[in-house]
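Me: I'm new to this one and would like a friendly tour. Could you take my questions one at a time?

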Amino acid sequence: MQANGFRVIVHDSGNNAIRAKLGIDRKYGSCHTALVGGYAVEGHVPAADIIRLLAQRPQALGLAAPGMPVGSPGMDGPIYRGRADEYEVLLLARDGTASVFSRYAARTS
């Protein structure tokens, strides 16, 4: 995120409480929860999606990349040997529903 111009402050305290406070349903959960420009961001969401979210400013809770998809930012290291699983970034509505914001294709090296 820092490489994409975001200022990052880390609170290493677990994310269940903040996820609940922000209204993110557990089914959209991952290992990281952030607050960016008034939006919740859950999981390994690519910076390009966050930039697009902030530019479009939809009426939404935020974005989520549920689970820990291989190939997403932070899950793309040498251990995965260029592999990337197909995954979706979801736009989370305040009513608990979600729609697809972005799709990422699977790939192998």
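Me: Let's begin with the inside: what share of the 109 residues in the protein is buried?
Reply: Keep in mind that this is a predicted model. A residue goes into the buried group when its relative accessible area is under 20%. Going by that cut-off, the buried share of the 109 residues is 37%.

Me: And what order do the elements of the protein run in, from the N terminus on?
Reply: There are 2 helices and 5 strands to place. Reading from the N terminus on, they go α-β-β-α-β-β-β.

Me: How does the radius of gyration of the protein sit with the globule rule, and what is its value?
Reply: For 109 residues the globule rule gives 13 Å, and the protein comes close to that, so it is as compact as a globular protein of that length. Its C-alpha trace spans about 40 × 30 × 25 Å along the principal axes. As for the radius of gyration itself, the value is 14 Å.

Me: How do the strands line up in the sheet, and which ones stand at the edges?
Reply: The sheet is an open one of 5 strands, with mixed pairing and the order β1-β2-β3-β4-β5. An edge strand has a single partner, so one side of it is left without a neighbour in the sheet. The strands in that position are β1 (33–36) and β5 (98–104).

Me: By how many degrees are neighbouring strands of this sheet turned against each other on average?
Reply: This is an average over neighbouring strands of the sheet, with direction ignored. The turn comes to 20 degrees.

Me: Which helix packs on the sheet, and what angle does its direction make with that of β5?
Reply: The helix is α2, and it touches β1, β2, β3, β4 and β5. Taking its direction against that of β5, the angle is about 135 degrees.

Me: Zooming in on strand pairs, what is the bridge partner of Gly62 in β4?
Reply: Strands pair through backbone hydrogen bonds, either parallel or antiparallel. Here β3 (residues 62–65) and β4 (residues 87–92) run antiparallel, joined by 3 bridges. Across in β4, Gly62 has as its partner Leu92.

Me: Which residue in the hairpin of β4 and β5 takes a positive phi?
Reply: β4 and β5 pair in the antiparallel sense over 6 bridges, and Leu90 stands opposite Val100 in β5. Between the two strands of the hairpin there are 5 residues. The one with a positive phi, near 95 degrees, is Gly96.

Me: Is Arg81 buried or exposed, and at what relative accessibility?
Reply: Arg81 lies in the loop between β3 and β4, and it has a positive phi of about 50 degrees although it is not a glycine. The exposed class begins over 50% relative accessible area. Arg81 counts as exposed because its relative accessibility is 70%.

Me: What about Arg57, and what is its relative accessible area?
Reply: Arg57 is found in the loop between α2 and β3. Its phi is positive too, near 50 degrees, in a residue other than glycine. Arg57 is classed as partly exposed, since its relative accessible area is 44%.

Me: Which side chain joins that of Glu42 in a polar contact?
Reply: Glu42 lies in strand β2 and is buried, with a relative accessible area of 0%. Residues it touches include Asn15, Tyr28, Thr33 and Leu63. The polar contact has a length of 3.1 Å, and the partner is Arg19.

Me: Which residue offers a backbone oxygen 2.6 Å from a polar atom of the His44 side chain?
Reply: His44 is in the loop between β2 (39–43) and α2 (47–56), and at 8% relative accessible area it is buried. Leaving aside neighbours within four places in sequence, its contacts include Ser30, Met68, Gly74 and Tyr87. The backbone oxygen at 2.6 Å belongs to Pro73.

Me: Last one: how far apart in space are His32 and Val45, C-alpha to C-alpha?
Reply: His32 is found in the loop between α1 (16–22) and β1, and counts as partly exposed at 45% relative accessibility. Among the residues it touches are Asn15, Glu42 and His44. In sequence His32 and Val45 are 13 residues apart, and in space the distance is 9.7 Å.

Technical notes
Residues are numbered from 1 along each chain as its sequence is written. This is a predicted model: local features need pLDDT of at least 70, side-chain atom pairs count only at pLDDT 80 or more; totals for chains, interfaces and linings use all residues. Side-chain values use heavy atoms; hydrogens and water are left out. Helices (H or I, at least four residues) and strands (E, at least two) are DSSP runs, numbered from the N terminus. Buried means under 20% relative accessible area, exposed over 50%, partly exposed in between (1.4 Å probe, protein chains only). A polar contact is a pair of N or O atoms within 3.5 Å; within protein, one must be able to donate a hydrogen and the other to accept it, and residues adjacent in sequence count only if both atoms are side-chain atoms. Contact means heavy atoms within 4.5 Å. Two strands pair if DSSP finds at least two bridges between them. Axes are lines fitted to C-alpha atoms, for helices over the stretch in contact, and angles run from 0 to 180 degrees between N-to-C directions. The radius of gyration is taken over C-alpha atoms; the globule rule is 2.2 Å times the number of residues to the power 0.38.
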